[in-house]
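I am opening my notebook on a new structure, and you are welcome to read along. Here is what I have on the desk.

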Amino acid sequence: MKLKIKSKRVKNKYILGEISEDKKSGTLMIFLSGFSGSRELPLFKEASAFFFKQGFSTLRFNFCNDSDEPYSKYLPENEDVSFSLYGSELKNVIDSFGKKYATIILVGHSFGAIASMVFLNKYKKYAKKISLVLWDPSMLPWSTKIMKSIFVFDKGTGLYNVTESTEKINNTFYRELNTTNSVSLFKSLKKSAYIIAAEKGVGTQAKKYRAGSNNHASSFVLVKRATHMFGNKKSREVLFKK
């Protein structure tokens with residue numbers, strides 16, 4: 001079933017998604033893509049189909065504009081994006097469709113993993129019913145040197161242009177990329193997670209999320225020869241089974 005949820009933060013815009021509900025399931029899996037990702041990417045379409053067959057209800061959504069989305073005019077623009085926006089819109093989605101489920105599993109890929117942490121850090125009352133799975137989670141902060149190589153400030157628009165694409169980001173997101181310590185953020189949740197990294201993506205760096213006494217119960221798996229998007233059939237088979 002297609003979803004269209006009015007944005008709580010961006011005027012006259014919507015969150016678009018798709019939910020497959022198993023009426024017998026008490027668990028909803030929500031897939032969170034990275035900022036340049038989309039619910040229409042093969043990784044998320046295949047994951048939704050796989051886990052629905054295993055008896056889970058599944059939900060995937062776009063919270064900002066993407067070229068793969070046929071109704072992109074309804075979505076917030078990329079320059080509206082920030083972790084704080086993503087977190088509040090995830091709350092919007094959960095409040096709209098997750099209340100009837102006893103358990104919610106957030107499956108965050110790339111920046112979607114950090115967005116799930118931001119959400120749980122801000123909206124702590126949801127923590128007990130939510131489990132966390134991180135797929136090749138991004139690592140922040142990015143150094144000032146890296147930031148300067150990726151972004152150029154445009155005085156005319158007040159936005160940062162991405163050097164290798166036509167995308168733009170706002171000052172809030174720029175600051176978040178430079179100042180968010182994602183490992184410290186994860187530790188502050190005092191919550192275990194199942195971490196599955198791609199050898200050719202974040203790789204063993206993702207073990208840093210497991211380190212520390214707060215998260216000693218977290219599990220870590222490395223998928224050999226997998227890219228960041230788990231871009232072949234074998235990688236996805238291993239990912240989904242793990």
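My entries follow, beginning with how the values were made.

**Ground rules.** I am working with a predicted model, in which local features need pLDDT of at least 70 and side-chain atom pairs count only at pLDDT 80 or more, while totals for chains, interfaces and linings use all residues. Residues are numbered from 1 along each chain as its sequence is written, and side-chain values use heavy atoms, leaving out hydrogens and water.

**The core.** I looked up the largest nonpolar core (buried Ala, Val, Leu, Ile, Met, Phe, Trp, Tyr and Cys residues joined through side-chain atoms within 4.5 Å). This core has 57 residues, and Ile30, Phe61 and Phe83 touch the most other members. Helix 3 (residues 111-122) gives the largest share, 8 residues; helices here are DSSP runs of H or I, at least four residues, and strands are runs of E, at least two, numbered from the N terminus. Apart from this core I found another, of 19 residues, including Met29 and Val223.

**Isoleucine 30.** Beyond four places in sequence, Ile30 touches eight residues I can list: Leu59, Phe61, Leu90, Ile94, Ile104, Ile105, Leu106 and Val107. Contact means heavy atoms within 4.5 Å.

**Leucine 132.** I found Leu132 in strand 6 (residues 130-135). Leu132 is buried, at 4% relative accessible area; buried means under 20%, exposed over 50%, and partly exposed in between, with a 1.4 Å probe and protein chains only. Leu106 sits 26 residues from Leu132 in sequence, yet their C-alpha atoms are 5.2 Å apart.

**Helix 2.** Among the buried residues of helix 2, I noted Phe83, Leu90 and Ile94.
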